[in-house]
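User: Could you take a close look at one part of this model for me? I'd like to hear about the greasy patch on the surface and what surrounds it.

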Amino acid sequence: MVKYIAKRLVLMILTIFIIASLTFFLMHAIPGSPFNEERGTNETVQANLEEHYHLDEPLFVQYLIYMKSVATFDFGPSIKQPTETVNDLLGRGFPISAELGIVTIVVAVISGIILGVFASLRHNGIIDYLAMAFAVLGISIPNFVLATLLIQKFAVDWEILPAATWSSPAHMILPTIALATGPMAIIARLTRSSMIETLTQDYIKTAHAKGLKPWKIVIKHALKNALMPVVTIMGTLLAGILTGTFVIEKIFAIPGMGKYFVESINQRDYPVIMGTTVFYSAFLIGMLFLVDIAYGVLDPRIKLHKEGGE
């Protein structure tokens, strides 16, 4: 286990290094400067600003300075908000984005599993058909389209829920629904298919023959193995939810990382773009690592093999 974790940590660091490098060179491959659109800025002031942010240095020197900031996790001040550092923006925006993401994941996983289990237990029945029709609809509608529909109906037409900002639990409902519907539908379909297959296994038939209660068979024996496909795609779902929050936060005017990331791209704020990209990449890679560890917890048959093993 220690060797496996050490190997994964090395791979994680290498992956973050590659992502950070690609982000840097792609950003600097775009023509122009963050100060090109500044009105009333003469050449002397612009030159001073570029010197302050090391933009007048050779590209390789800028790259070394940037990689040092990545290694120390200190991305310096924002270009467009010089009184704020990138770390300040991360510290203020990420907790809000994380709160939205965690609530979304919890809602998507719990509702998706419940929907999939009920559909599998009523296979080819009306509940199964309704659940899968809802799942197909949830997968088909993009979250930004669903967000617009939710705002129109619940906030504008019916005036039941607030449309924007992030100041009360009520403000969490619409963005959570918009983000969770797609992942919930995917989890429901996977859980249904896996449960249908699992319920036909011999050990389930043996449990029935022993007279165990149906709910105990489903929860204790069938569901644990049926959840393996769900765990397998959790990394992808996490990526979708995390990147999806950028768009949803912009639509609902949520002051999370999505706001800073979108604005930084429009304003060509290099430190914010690169800082948020590296931060989210590191966070996502860490989540994928935890998903791999979860395999062994859910299924003891999965073992860690030595180098050169199967």
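**The nonpolar patch and its setting**

Analyst: Let's start with the record. UniProt, in an unreviewed entry, lists residues 9–30, 96–118, 130–152, 172–191, 226–248 and 278–298 under "transmembrane region". Keep in mind that this is a predicted model.

Two of those spans are worth a look. Residues 96–118 come out as 100% helix and 0% strand, with 33 Å between the end C-alpha atoms. Residues 172–191 are likewise 100% helix and 0% strand, and their end C-alpha atoms sit 26 Å apart.

Now the patch itself. On the surface, I102, V106, I110, I114, F118, I126, I127 and L130 make up a nonpolar patch, and together they offer about 780 Å² of accessible area. The elements giving two or more residues to this patch are α4 (86–121) and α5 (126–140). Helix α4 has the largest share, with five residues.

Take I110 as an example from the patch. It sits in helix α4. I110 counts as partly exposed because its relative accessible area is 47%, and partly exposed covers the range between 20% and 50%.

How far to trust all this? Mean pLDDT for the protein is 81, and 86% of its residues reach 70 or more. Confidence peaks in helix α6 (residues 143–157), at a mean of 91, and is lowest in helix α2 (residues 43–52), at 65. Then there's the stretch 304–310, where pLDDT stays under 50; for those residues the model has four contacts beyond four places in sequence.

Notes
Residues are numbered from 1 along each chain as its sequence is written. This is a predicted model: local features need pLDDT of at least 70, side-chain atom pairs count only at pLDDT 80 or more; totals for chains, interfaces and linings use all residues. Side-chain values use heavy atoms; hydrogens and water are left out. UniProt positions are given in the numbering used here, feature names are shortened, and annotations may be inferred rather than shown by experiment. Helices (H or I, at least four residues) and strands (E, at least two) are DSSP runs, numbered from the N terminus. Patches are made of residues with over 30% relative accessible area and no salt bridge: like charges are joined within 9 Å, nonpolar side chains (Val, Leu, Ile, Met, Phe, Trp, Tyr) within 5 Å. Accessible areas come from the Shrake-Rupley method with a 1.4 Å probe; for residues, only the protein chains shown count as cover. A salt bridge is a side-chain nitrogen of Lys or Arg within 4 Å of a carboxyl oxygen of Asp or Glu. Buried means under 20% relative accessible area, exposed over 50%, partly exposed in between (1.4 Å probe, protein chains only). pLDDT is the predictor's confidence in each residue, from 0 to 100. Contact means heavy atoms within 4.5 Å.
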